[in-house]
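This report describes a protein model together with its ligand. Please examine the sequence and the structure shown below before reading on.

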Amino acid sequence: MMELSNKRVLLGVSGSIAAYKSAELVRLLRKQGAEVRVVMTSTATEFIQPLTFQALSGNIVYSAWDDADRGDGMGHIELARWADVIVVAPASADLLARLRQGMANDLLTTLCLASASTIAVAPAMNRLMWDNAATKENLAVLKQRGIHVLGPGAGGQACGEVGLGRMLEPEQLVQGISGLFSSGILSGAKLLLTAGPTREPIDAMRFLSNRSSGKMGYALAQAAIEAGADVTLVSGPVALATPDRVKRLDVNSADEMYEAVMSEVAGSDVFICAAAVADYKPANPSKEKVKRKDNNVDLALTQNRDIVASVTALPDKPFTVGFAAETSDIEAHARAKLKRKGLDLIAANQVGDGQGAEVDENAMTLYWADGSQHLEKTSKAKLARQMVTIIGEHYRATTRT
Ligand code: CTP
């Protein structure tokens, strides 16, 4: 299995003799399915040529400030957003000090500062520099801020000394990087998810539907798998590939979605209703295709059953998460829905004006009975991972009580 498929790794290379090992790291990351872009500090370019990384990553290498605006439309903010993870390997003592200070005096430190992604550093330095109180303190602060530290290892050093401070071997780094994606917060949980639009038949050919692409629901399925859940996805008609290891059940109408959910929900620990279920369906759909000359299309509508509310009415209801796509008064509408539908959590976002359905990036706010958390605009894949972490924490908190 490729452990990093679809993952975007931004590899930061700083000035250390271990930089040569990062060339192999790029090769191994790509072998595991990752897309890799490399950013080098100017000192790093004295140890190894950008061309090496360009050839191995298949992408432009960024080093100077304006590199990030060169040719491929990746300004430095886009580059920071692009990454699922930023890995600084090797991370020199100087780079760690600058990260700790929140400095933005070159492209790499700026990207680290401007990114909401996971950051990992792989220190590489002489053993005395590693032992120095200043380095130790810098590392402690960085860890406290949630930056992951991979290594270092012990052994012979380029300077001839022996001790701690060697960068981990590329194989070990790939393992560490893969580990960053499997939070395990939903480990062992059975998760049921709906996604996509529904189609409500008017006749044999025509239907009523909506703009949902299913992207958010599919990203959630992927993120839940990464977090260790056993995922069943009830999907409306979408043009998306099924994420690895997800059990997918295809449905068309809201009625079919209702039936599929009700037959799968028993034993589910978490239910996420990300589908844009049509509220109404034609009351008298025709089995035949209605002919133009008939001039009698019957568009009388009747309400569909509320799937999520039916699930929360069950005696043994799972931890339930709904969505609210709103054009105005987001918090008020979301909180009202949270209550009305008996949800544990609701994810609300603004739709219209190019936001919401059909787009690749989104921002949203999660609301629960006594709190909320805003998630900044980013790719739906990243948003999904952040959501799954929050859902996992809340779910764990309820099962603990
Ligand atoms: N939902 C559902 N079944 C329906 C309608 C909606 O399960 N028949 C779920 C959606 O998947 C979503 C949540 O309920 O998680 C809120 O959907 P929304 O369409 O915003 O709710 P409505 O009750 O239709 O509210 P509104 O008055 O805004 O139309």
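## Contacts with the ligand

In this predicted model, a backbone N or O atom of cysteine 273 lies 2.7 Å from an oxygen atom of the ligand. Alanine 275 also places a backbone N or O atom 2.7 Å from an oxygen atom of the ligand. Lysine 341 makes its approach through the side chain: one of its polar side-chain atoms lies 2.8 Å from a ligand oxygen atom. The ligand on its own has 580 Å² of accessible area, and the protein covers 77% of this area.

## The shell around the ligand

Which residues come nearest to the ligand? Among the 13 residues around the ligand, they are Cys273, Ala275, Val308, Lys337 and Lys341. By character, the shell consists of six nonpolar residues, one polar residue and six charged residues.

Several elements of secondary structure contribute to this shell. Helix H12, which spans residues 307-312, supplies at least two of its residues. Strand S17 (319-326) and helix H13 (330-340) each supply at least two as well.

## Strand S2 and its partners

A further part of the model to examine is strand S2, which comprises residues 35-40. Is this strand largely enclosed or largely open? Five of its six residues are buried, and therefore S2 is largely enclosed by the rest of the structure. A residue counts as buried here when its relative accessible area is under 20%.

Strand S2 pairs with strand S1 (residues 8-13); the two run parallel and are joined by six bridges. Within this pairing, glycine 12 has valine 39 of S2 as its bridge partner. Between S1 and S2 the chain passes through helix H1 (residues 19-31), and the resulting β-α-β crossover is right-handed. Strand S2 also pairs with strand S3 (residues 61-62), again in the parallel sense, over two bridges. Here valine 39 has tyrosine 62 of S3 as its bridge partner. Valine 39 is thus a bridge partner of both glycine 12 and tyrosine 62.

As general background, side chains in a regular strand alternate between the two faces of the sheet.

## The protein as a whole

The protein contains 14 helices and 20 strands. Its C-alpha trace spans about 85 × 55 × 40 Å along the principal axes. How many residues does the protein have, and what percentage of them count as buried? The protein has 401 residues, of which 49% count as buried.

Note on methods. Residues are numbered from 1 along each chain as its sequence is written. This is a predicted model: local features need pLDDT of at least 70, side-chain atom pairs count only at pLDDT 80 or more; totals for chains, interfaces and linings use all residues. Side-chain values use heavy atoms; hydrogens and water are left out. A residue is near a molecule or strand if one of its heavy atoms lies within 4 Å of it. A polar contact is a pair of N or O atoms within 3.5 Å; within protein, one must be able to donate a hydrogen and the other to accept it, and residues adjacent in sequence count only if both atoms are side-chain atoms. Accessible areas come from the Shrake-Rupley method with a 1.4 Å probe; for residues, only the protein chains shown count as cover. Helices (H or I, at least four residues) and strands (E, at least two) are DSSP runs, numbered from the N terminus. Ala, Val, Leu, Ile, Met, Phe, Trp, Tyr, Cys and Pro count as nonpolar, Asp, Glu, Lys and Arg as charged, and the others, Gly among them, as polar. Buried means under 20% relative accessible area, exposed over 50%, partly exposed in between (1.4 Å probe, protein chains only). Two strands pair if DSSP finds at least two bridges between them. A crossover is right-handed if, with the strands pointing away from the viewer, the path from the first strand over the helix to the second runs clockwise.
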